[in-house]
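Please work through the exercises below with the sequence and the model open beside you, and try each task before reading its solution.

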Amino acid sequence: MITIRLETESDIEFIREINELAFGQPDEAELVDKLRQSCNNILSLIAELENKIVGHILFSPVAIDSTNGAIKGMGLGPMATLPEYQHQGIGAGLINTGLGTLTKNGCPFVVVLGHPTYYPRFGFEPASNFGIGCEWEIPDEVFMIHVFDKKLLTNIKGTALYREEFNELA
Ligand SMILES: CC(C)(COP(=O)(O)OP(=O)(O)OC[C@H]1O[C@@H](n2cnc3c(N)ncnc32)[C@H](O)[C@@H]1OP(=O)(O)O)[C@@H](O)C(=O)NCCC(=O)NCCS
């Protein structure tokens, strides 16, 4: 039985390890640590299976820099499942719980940079459908958005900006 819950102080070292093992490098783990320190508006969730932490997801603030002013939402990622626990729905559980929490808190949208075949099942679609671009040069279909408040994003065109810490990712 998998439990998804907010991270606590004592989870931090395990979150670091999960990210390092899943990505095979320390960069994403370092990004998570940096954002935790510098930003008071992250959503960091862990997946626990029989008292072992097996997955992690982070959401952090993203602003769409549009001609009508900035609109604030969240960005999904990094997310990581321990390699030996992947393909069992742990990632899906983390995404669904995170999206549910953010909608409840009034977040108008979530963006993600990721597999174009995976995220649509959670309600994501190409951000370009809404005239929203990414700050980095990436193929159109990998930058997606889940819009909770369609009214707010009507007639908005602009670039979604992640926290500065993402630019320091090697
Ligand atoms: C992406 C990831 C967290 C998914 O975790 P999970 O617990 O296996 O997720 P689920 O069981 O819900 O879904 C598995 C699906 O993830 C999809 N997927 C999405 N992004 C993926 C990625 N970057 N690498 C591998 N699979 C990915 C696959 O299509 C897979 O589908 P399948 O089971 O039909 O083959 C996990 O593969 C992982 O830790 N990868 C390494 C880190 C990473 O690339 N993170 C994403 C970028 S932030």
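The exercises that follow deal with the ligand, the pockets and two points of the backbone.

This is a predicted model, in which local features need pLDDT of at least 70 and side-chain atom pairs count only at pLDDT 80 or more, while totals for chains, interfaces and linings use all residues. Residues are numbered from 1 along each chain as its sequence is written, and side-chain values use heavy atoms, with hydrogens and water left out.

**Exercise 1.** Describe the residues that surround the ligand and their polar contacts with it.

*Solution.* Begin with the shell, taking a residue as near the ligand if one of its heavy atoms lies within 4 Å of it. The shell holds 15 residues, and the closest are His87, Gly89, Gly91, Ala92 and Tyr118. By class it contains 8 nonpolar, 7 polar and no charged residues, where Ala, Val, Leu, Ile, Met, Phe, Trp, Tyr, Cys and Pro count as nonpolar, Asp, Glu, Lys and Arg as charged, and the others, Gly among them, as polar.

Next, look for polar contacts, here pairs of N or O atoms within 3.5 Å. Glycine 89 places a backbone N or O atom 2.7 Å from an oxygen atom of the ligand, and a side-chain N or O atom of tyrosine 118 lies 2.8 Å from a ligand oxygen. For glutamine 86, a polar side-chain atom is 3.2 Å from an oxygen atom of the ligand.

Finally, consider cover: of the 820 Å² of accessible area that the ligand has on its own, the protein covers 71%, by the Shrake-Rupley method with a 1.4 Å probe.

**Exercise 2.** Which pocket holds the ligand, and which residues line the largest pocket?

*Solution.* A pocket is defined on a 1 Å grid over the protein atoms alone, as an open set of points where a 1.4 Å probe fits, with protein on both sides within 12 Å along at least five of seven lines, and its lining residues have an atom within 4 Å of a point. The ligand sits in the largest pocket, the criterion being that more than half of its atoms lie within 2 Å of the grid points.

Helix H1 (12-23), strand E4 (69-81) and helix H3 (90-104) each give two or more residues to the ligand shell, with helices (at least four residues) and strands (at least two) taken as DSSP runs. E4 gives the most to that shell, 4 residues.

The largest pocket encloses about 870 Å³, a volume being the space filled by probe spheres set on the points. Its lining comprises 29 residues, and Phe23, Met79, Ala80, Leu113 and Tyr119 lie nearest the centre. E4 supplies the largest share of this lining, 6 residues, and the lining divides into 18 nonpolar, 9 polar and 2 charged residues.

**Exercise 3.** Characterise the second largest pocket.

*Solution.* Its volume is about 240 Å³, and among its 15 lining residues Asn41, Pro61, Lys72, Gly73 and Met74 are closest to the centre. Strand E3 (52-66), E4 and H3 each supply at least two lining residues.

**Exercise 4.** Where in the structure are proline 78 and asparagine 51, and what is notable in their backbone?

*Solution.* Proline 78 is in strand E4, and the peptide bond from glycine 77 to proline 78 is cis, with omega near 0°. Asparagine 51 lies in the loop between strand E2 (43-49) and E3, and has a positive phi of about 65° although it is not a glycine.

Conventions. A polar contact is a pair of N or O atoms within 3.5 Å; within protein, one must be able to donate a hydrogen and the other to accept it, and residues adjacent in sequence count only if both atoms are side-chain atoms.
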